[in-house]
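Me: I've just opened this structure and don't know my way around it yet. Please walk me through it.

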Amino acid sequence: MKICIIGAGITGLTVGKLLAKKYDVTIYEKESAIGGIARTKNINGATYHIIGGHCLNSKNKNVMDFIFNEVLSVEDWHKVQRAAKINLDDNFISYPIEFSIKEIAKFDENLAFNITKDFLSSKDNDTDNLADWFKEKFGDTLANEYFIPYNKKIWQMEPSKMSHLWIEGKLPLPNKKEFFKALIEEYKDTMPHITFFYPNSNNQNTFIEALGSGLNIVTDFSVTKIEKIENKWLINDRYEYNIIINTSPLDLLPSIICNAPQIIKEAAKKLKYNKVTNVLWKTKPIDFTWSYYPSEDTIFHRHIHIGNFFNPKQNYTITESMGEHSYEEMVGYGEKFDYLLEPLEYNVSDYAYVVYDQNYNEATTKIKKYLEEINLYSIGRFGEWEYYNMDICMESAMKLADKINGLDS
Ligand SMILES: Cc1cc2nc3c(=O)[nH]c(=O)nc-3n(C[C@H](O)[C@H](O)[C@H](O)COP(=O)(O)OP(=O)(O)OC[C@H]3O[C@@H](n4cnc5c(N)ncnc54)[C@H](O)[C@@H]3O)c2cc1C
């Protein structure tokens, strides 16, 4: 059986690795390098995550077992302790913020009191948008001071105009007792991803290359036409396959499938995504792994202190801003931070974040139903149009590989 995979990102490489044990698999990648959003570039010896800093971990044991047993052995990784901070009124507060009220009280007692009062009296009623969801879960003050402005930056739209359904299960939710305990005791972070893995080479590409090793990958090849002829698929009028697995963006897929219905093409046009612009900086030493910036005073939403992912540590940070910005604007805002010393490289991404607006559910449901009817598999962050991390992409790839492996057994 011949299988075609569109895209050599984390998802395509994972499903490829699993299926190539049994089938004739070809992966087509439009770029000259593999790795998709997760790939890195070497800038004068520094690892630059061109789309934004990445850390790897998973609650799913099968995913970690696959990585350590079949991709890159556990000895080739080091563990990093997460030290995430939120910048609130120029003070660095430990993440997650709801357990750091004592830190807030040190510079603004009134704010700490209002957060506590609202958190403990929040009702957790049903809501129909993301802004109200934050208020119901965390109380008005924390929602207004942090969650709503930060999410407005990330999604580039008002959270009151967004669906909240996607966030359920993605953001760990504290209960009132845990909140109270953190007020009176030393808080111990037991949330998922408190530690994460990074390759000993100090370069995520080592993982990507290991994932792709031994696979038949055709780079600089854009899939521009998919046609079903009887029980076979024809790619770009030339190459024939029994199965197609797409990991390229769902909003473009219907436009390359021959005879896709107009209604599906229209649904695809309704899907929204955001780009991200970032700059790699040489920095002074900093203690954190990353910091969040909810304030409107800066265009950055996050600084990834990528040098602290390395062993030994190095002094590099990636400043990230949603949307498209010029180099001058990024560097101008960066110069306001005294620890950012020298800009080294700049990048504007294409697909970075899917946007869960009010059209999301109807549009994705229609497209996915159609793909199921024509038997075309579509998985991954943009293949499923979901806010997936690498581990969830791998989980999705593993599920599909199990299904396909089971087809002829
Ligand atoms: C800023 C940012 C930070 C992140 N941080 C983390 C993190 O800390 N930890 C974590 O686990 N995850 C993180 N993620 C998520 C992670 O990057 C993704 O989940 C994962 O890389 C997605 O992999 P994918 O293969 O599904 O998609 P992609 O990486 O988008 O791969 C799809 C591939 O398809 C190719 N392609 C597209 N169209 C075609 C075509 N027509 N023909 C051929 N090829 C095509 C593309 O070039 C691309 O290589 C982050 C994402 C972003 C944007």
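Me: How are H2 and H13 placed: roughly parallel or roughly perpendicular to each other?
Reply: First, this is a predicted model: local features need pLDDT of at least 70, side-chain atom pairs count only at pLDDT 80 or more, and totals for chains, interfaces and linings use all residues. Residues are numbered from 1 along each chain as its sequence is written. Helix H2 (residues 61–71) and helix H13 (residues 390–407) pack at about 90 degrees, taking angles from 0 to 180 degrees between N-to-C directions of axes, which are lines fitted to C-alpha atoms, for helices over the stretch in contact. Under 35 degrees is roughly parallel, over 145 roughly antiparallel, 65 to 115 roughly perpendicular and the rest oblique, so H2 and H13 are roughly perpendicular.

Me: Which residues of H13 make the contact with H2?
Reply: Two residues are in contact if their C-beta atoms, placed from the backbone, lie within 7 Å. H2 brings Asn62, Val63 and Phe66. On the H13 side, the residues are Asp391, Met394, Glu395 and Met398.

Me: How many strands are there in the chain?
Reply: Helices (H or I, at least four residues) and strands (E, at least two) are DSSP runs, numbered from the N terminus. The chain has 13 helices alongside its strands, which number 21.

Me: Why is the chain as compact as a globular protein of that length?
Reply: The globule rule is 2.2 Å times the number of residues to the power 0.38, and the radius of gyration is taken over C-alpha atoms. For 409 residues the rule gives 22 Å, and the chain is close to that because its radius of gyration is 22 Å.

Me: Which strands are at the edges of the open sheet?
Reply: Two strands pair if DSSP finds at least two bridges between them. Seven strands form the sheet, in the order E7-E6-E16-E17-E18-E15-E19, with mixed pairing. Those that pair on one side only are E7 (91–94) and E19 (340–348).

Me: Which residue is the bridge partner of asparagine 87?
Reply: Look at strand E6 (residues 84–88), which runs antiparallel to E7 and is joined to E7 by four bridges. Across from asparagine 87, in E7, is phenylalanine 92.

Me: Is aspartate 89 buried or exposed?
Reply: Aspartate 89 lies in the loop between E6 and E7, and has a positive phi of about 50 degrees although it is not a glycine. Most residues other than glycine have a negative phi. A residue is buried if 20 or more other C-beta atoms, placed from the backbone, lie within 10 Å of its own, exposed if 12 or fewer, and partly exposed in between. Aspartate 89 has 11 within 10 Å, so it is exposed.

Me: Where is aspartate 237?
Reply: Here is another positive phi in a residue other than glycine, near 65 degrees. Aspartate 237 also counts as exposed, with 9 C-beta neighbours inside 10 Å. Its place is in the loop between strand E11 (232–235) and strand E12 (239–241).

Me: Which residue does a cis peptide bond join to asparagine 311?
Reply: Most peptide bonds are trans. In this bond omega is about 0 degrees, and the partner sits in the loop between E17 and strand E18 (316–322). That partner is proline 312.
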